[in-house]
Amino acid sequence: MTDQERESLALKEQKLYDIVRPYLEGGIYLAFSGGTDSCVLLQVCLNLQKKYGGKVQPVYAYSCLQCETDEAVKGIAERIGTPLIVMPMSRELMEDVLKNPVERCYFCKTHIFTGMRELGSAAGCKTIMDGTNAEDLQKHRPGLRAVAELGVVSPFAEAGFTKAEVRALGQQLGVAEYDKPADSCIATRVSYKTYIDQDMIDLLKRGEKYLRDEGYTCVRIRMIQFMARIEVKKSEIPRFMDDANKIVDDMRALGFKYLTLDMSGYQDSPLDV
């Protein structure tokens, strides 16, 4: 990081603290996934809480579409320094998301933040907060409409943090997850208007776990009708090609029928096809 980049980060960090601090007194319910953005924001909130008081409560909205278990995410929050509330999201509640329309993220975020607002109000917390960063605002994120409609506060976006700057701040604050690979929900693996049933969810989880266990660091399997499109880091594609026969055999044994490799490499974005 250059001197200019360090100076820019320091200015944004101070702006971030100035944004978060006034919300502490009324209480903050923080949408927590165990990913980099929410982990760093939780650490920021807890550091400010120690100095100024107030309440900070992370909440994990757990549904069948989440990649990490509630126990794993609980462990992350507790290691950062606070207990986690798990808010179960039933398949019945998520049915409009499982139908997988183009606006699925809007429905999902509406359910999540409505539930969090109800929990927060009952606990006397006034503010719902999330880890949306400034780069997210430039991407296809239908869920941001729900963020705006429900008055969710996004301090990283407001302070102008890029993803790289969130990671840099996390490293500076000693957050173990500062360089954690992004892991969006299972719905982002499935082409729009394809219903996401439990068999598909289980298959995708098995496939991605297999590839991670084989040593591939950033992995996505995108289901486009009957075809599984595999994404790994571009630098790992040559090794993948060397292992292709074994991978195909193993993944067919897991339940995949048709497999292809995206030669453009891993893409940290939802499936827009």
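**Helix 3, two pockets and the paired strands**

Biologist: Which elements do the buried residues of helix 3 pack against?
Modeller: This model is predicted: local features need pLDDT of at least 70 and side-chain atom pairs 80 or more, while totals for chains, interfaces and linings use all residues. Residues are numbered from 1 along each chain as its sequence is written, and side-chain values use heavy atoms, without hydrogens and water. Helices (DSSP H or I, at least four residues) and strands (E, at least two) are numbered from the N terminus. By contact (heavy atoms within 4.5 Å), the buried residues of helix 3 pack against helix 2 (36-52) and strand 2 (56-62).

Biologist: Why do the buried residues of helix 3 count as one side?
Modeller: Buried is under 20% relative accessible area, exposed over 50%, partly exposed in between (1.4 Å probe, protein chains only). In helix 3 (70-80), Val 73, Ile 76, Ala 77 and Ile 80 are buried. Taken from the axis to the C-beta atoms, their directions span an arc of only 95°, which puts them on the same side of helix 3.

Biologist: Which exposed residues lie on the face of helix 3 turned away from its buried side?
Modeller: Helix 3 is followed by Gly 81, whose phi is positive, about 140°. On the helix itself, the face turned away from the buried side carries Glu 71 and Arg 79.

Biologist: Which element gives the most to the lining of the largest pocket?
Modeller: A pocket is an open set of 1 Å grid points where a 1.4 Å probe fits, with protein on both sides within 12 Å along at least five of seven lines; lining residues have an atom within 4 Å of a point. The largest holds about 1,200 Å³, and of its 47 lining residues the closest to the centre are Ser 33, Lys 109, Asp 183, Ser 184 and Cys 185. Helix 2, strand 2, helix 5 (104-122) and helix 6 (143-149) each supply at least two lining residues. With seven residues, the most comes from helix 5.

Biologist: How many charged residues line the second largest pocket?
Modeller: The second largest pocket holds about 300 Å³. Of its 15 lining residues, the closest to its centre are Cys 67, Glu 68, Lys 180, Asp 183 and Arg 212. Helix 9 (198-213) and strand 5 (219-224) each give two or more residues, and the largest share, four, is from helix 9. With Asp, Glu, Lys and Arg counted as charged, the lining has six nonpolar and one polar residue, and the charged ones number eight.

Biologist: In what sense do strand 5 and strand 6 pair?
Modeller: Strands pair if DSSP finds at least two bridges between them. Strand 5 and strand 6 form a hairpin with two residues between them, and Gln 225 in the turn has a positive phi of about 55°. Ile 221 has Ile 230 of strand 6 as its bridge partner. The two strands pair over six bridges, and the sense is antiparallel.

Biologist: Which residue of strand 7 is the bridge partner of Met 227?
Modeller: Five of the six residues of strand 6 (227-232) are buried, so this strand is largely enclosed by the rest of the structure. Strand 6 pairs in the parallel sense with strand 7 (258-261) over four bridges. In strand 7, the partner of Met 227 is Tyr 258.

Biologist: Which residue of strand 2 is the bridge partner of Tyr 29?
Modeller: Both faces of strand 1 (28-31) are covered, with Ile 28 and Leu 30 buried on one side and Tyr 29 and Ala 31 buried on the other. Strand 1 runs parallel to strand 2, joined by four bridges. The partner of Tyr 29 in strand 2 is Gln 57.

Note on methods: Points joined across faces, edges and corners; volume = space filled by probe spheres on them.
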